[in-house]
Amino acid sequence: MPEEGEAPSGAEIAERTLESARRRLAALDGLPVADHPKVFDELHRELSAVLGGLEGR
């Protein structure tokens, strides 16, 4: 856990991102199949952004 005012490490960012992605994928069971592609697209954009941000670390 980072100290106050300290940026989180790449590993911390990755873990939080993965936890969020897992929750959202688990929630797909409660959605109509027609809504799944939207969730997949959103997750893809978010994961790509996070990975892009970690490249320079």
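Trainee: Leaving aside its neighbours within four places in sequence, with which residues is valine 50 in contact?
Mentor: This is a predicted model, in which local features need pLDDT of at least 70, side-chain atom pairs count only at pLDDT 80 or more, and totals for chains, interfaces and linings use all residues. Residues are numbered from 1 along each chain as its sequence is written, and side-chain values use heavy atoms, with hydrogens and water left out. Contact means heavy atoms within 4.5 Å. With neighbours within four places in sequence set aside, the contacts of valine 50 are Ile13 and Thr17.

Trainee: In which helix is the place of valine 50?
Mentor: Helices are DSSP runs of H or I with at least four residues, strands are runs of E with at least two, and both are numbered from the N terminus. The protein has 2 helices and 0 strands. Valine 50 has its place in helix H2.

Trainee: What distance separates the C-alpha atoms of valine 50 and alanine 14?
Mentor: Valine 50 and alanine 14 are 36 residues apart along the chain. Their C-alpha atoms are nevertheless separated by 7.7 Å.

Trainee: Is threonine 17 buried or exposed?
Mentor: Threonine 17 is found in helix H1, and it touches Leu47 and Val50 when residues up to four places away in sequence are not counted. Buried means under 20% relative accessible area, exposed over 50%, and partly exposed in between, with a 1.4 Å probe and protein chains only. Because its relative accessible area is 18%, threonine 17 is classed as buried.

Trainee: From which residue does the backbone oxygen lie 2.8 Å from a polar atom of the side chain of threonine 17?
Mentor: A polar contact is a pair of N or O atoms within 3.5 Å; within protein, one must be able to donate a hydrogen and the other to accept it, and residues adjacent in sequence count only if both atoms are side-chain atoms. At 2.8 Å from the side-chain polar atom of threonine 17 lies the backbone oxygen of isoleucine 13.

Trainee: Which backbone oxygen does the side chain of histidine 36 reach?
Mentor: Histidine 36 is found in helix H2, which spans residues 36-54, and it is buried because its relative accessible area is 17%. Outside its neighbours within four places in sequence, histidine 36 is in contact with Leu28 and Leu31. At 3.3 Å, its side chain reaches the backbone oxygen of leucine 31.

Trainee: How many salt bridges does the rule count?
Mentor: A salt bridge is a side-chain nitrogen of Lys or Arg within 4 Å of a carboxyl oxygen of Asp or Glu. One of them joins glutamate 15 to arginine 22, with the closest N and O atoms 3.9 Å apart. By this rule, the number of salt bridges comes to 3.

Trainee: What is the N to O distance where the side chains of glutamate 46 and arginine 24 meet?
Mentor: Arginine 24 also meets glutamate 42 in a salt bridge, at 3.0 Å from N to O. That pair links distant parts of the chain, with arginine 24 in helix H1 (residues 10-26), glutamate 42 in helix H2, and their positions 18 residues apart. For glutamate 46 and arginine 24, the N to O distance in the salt bridge is 2.6 Å.

Trainee: Which residues are linked in a network of salt bridges?
Mentor: Arginine 24 is partly exposed at a relative accessible area of 22%. Glutamate 42 counts as partly exposed at 23%, and glutamate 46 likewise at 39%. The salt-bridge network links Arg24, Glu42 and Glu46.

Trainee: What radius of gyration has the protein?
Mentor: The radius of gyration is taken over C-alpha atoms, and the globule rule is 2.2 Å times the number of residues to the power 0.38. The C-alpha atoms fill a box of roughly 40 × 20 × 15 Å along the principal axes. A compact globule of 57 residues would have a radius near 10 Å, whereas the protein has 14 Å.

Trainee: What percentage of the residues of the protein count as buried?
Mentor: Accessible areas come from the Shrake-Rupley method with a 1.4 Å probe, and for residues only the protein chains shown count as cover. The protein exposes about 4500 Å², of which carbon and sulfur atoms supply 58%. Of its 57 residues, the buried share is 12%.
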